Amino acid sequence: AAGEQLEAGSVDRFVSTYVLDLLSEDDIRAVLQSAERLLNPDTGMLLLSGITWGYRVSWPAALFTVVWEVLYRYQRHVVGGCRPQHLLPYL
């Protein structure tokens, strides 16, 4: 993998925007383990953005989340294979 060519601790920022939504749980863990290895322990920052559950934000956000989950479960291609993720358990 490309990240294996970089020296451990040599990266200041690791940015992932709407990528983890597409990966399996094992692949998410592998990506975040690589990020941990690559990030400088003193100055490194992990920046993640993705689709998350909106149940607590508002009723439209909750409705949108439910519709998205149903589409992901039964018509995955409609949402491009993306699904809401709780990222905190991976960190």
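Colleague: In which helix does Ser34 lie?

Modeller: This is a predicted model, and in it Ser34 lies in helix H1. Its relative accessibility is 34%, so Ser34 counts as partly exposed. The C-alpha atoms of Ser34 and Asp21 are separated by 17 Å, while the two residues are 13 residues apart along the chain.

Colleague: What span does helix H1 reach, and what span is expected?

Modeller: One compares the distance from the first C-alpha to the last with the span expected at 1.5 Å a residue. Helix H1 covers residues 25-38, which is 14 residues, and reaches 20 Å, close to the 20 Å expected.

Colleague: Which residues of H1 are buried?

Modeller: A residue is called buried when its relative accessible area is under 20%. In H1, Ile28, Leu32, Ala35 and Leu38 are buried. These four cover an arc of only 125 degrees around the axis, which means that they stand on the same side of H1.

Colleague: Which exposed residues does the face turned away from the buried side of H1 carry?

Modeller: Exposed residues have a relative accessible area over 50%. On that face of H1 they are Asp26, Gln33 and Glu36.

Colleague: Against which strands do the buried residues of H1 pack?

Modeller: They pack against strand E1, residues 13-17, and strand E2, residues 45-49. Ser16 gives a view from within strand E1, where this residue is found. With a relative accessible area of 6%, Ser16 is buried. When neighbours within four places in sequence are left aside, Ser16 is in contact with Leu47, Leu48 and Ser49.

Colleague: Where is Tyr18 found?

Modeller: Tyr18 is in the loop between E1 and H1. Two readings may be taken there. The backbone angle phi of Tyr18 is positive, at about 55 degrees, although Tyr18 is not a glycine. As for accessibility, Tyr18 has a value of 46% and therefore counts as partly exposed.

Colleague: How many residues does helix H2 have, and which of them are buried?

Modeller: The reading begins again with the span. H2 has 16 residues and reaches 23 Å from its first C-alpha to its last, close to the 22 Å expected. Its buried residues are Ala62, Thr65, Trp68 and Tyr72. Seen down the axis of H2, these residues fall within an arc of 125 degrees, so they line one face of the helix. The face turned away from that buried side carries the exposed residues Trp59 and Tyr74.

Colleague: Is Val66 of helix H2 buried, exposed or partly exposed?

Modeller: Val66, which lies in helix H2, is partly exposed, with a relative accessible area of 39%. One may also set separation in sequence beside separation in space. Val66 and Ala35 are 31 residues apart in sequence, and their C-alpha atoms are 31 Å apart in space.

Colleague: How much space lies in the largest pocket, and which residues line this pocket?

Modeller: The general idea is that rolling a probe the size of a water molecule over the atoms shows where empty space is left. In this model, about 170 Å³ of space lies in the largest pocket. Its lining consists of Arg29, Leu32, Gln33, Ala35, Glu36, Leu39, Leu46, Tyr90 and Leu91.

Colleague: Which element gives the most to that lining, and what classes of residue does the lining have?

Modeller: H1 gives the most to the lining of the largest pocket, with 5 residues. By class, the lining has 6 nonpolar, 1 polar and 2 charged residues.

Technical notes:
Residues are numbered from 1 along each chain as its sequence is written. This is a predicted model: local features need pLDDT of at least 70, side-chain atom pairs count only at pLDDT 80 or more; totals for chains, interfaces and linings use all residues. Side-chain values use heavy atoms; hydrogens and water are left out. Helices (H or I, at least four residues) and strands (E, at least two) are DSSP runs, numbered from the N terminus. The expected span of a helix is 1.5 Å times one less than its number of residues. Buried means under 20% relative accessible area, exposed over 50%, partly exposed in between (1.4 Å probe, protein chains only). The arc is that of the directions from the helix axis to the C-beta atoms. Contact means heavy atoms within 4.5 Å. On a 1 Å grid over the protein atoms alone, a cavity is a set of points where a 1.4 Å probe fits but cannot get out, and a pocket is an open set with protein on both sides within 12 Å along at least five of seven lines; lining residues have an atom within 4 Å of a point. Grid points are joined across faces, edges and corners, and a volume is the space filled by probe spheres set on the points. Ala, Val, Leu, Ile, Met, Phe, Trp, Tyr, Cys and Pro count as nonpolar, Asp, Glu, Lys and Arg as charged, and the others, Gly among them, as polar.
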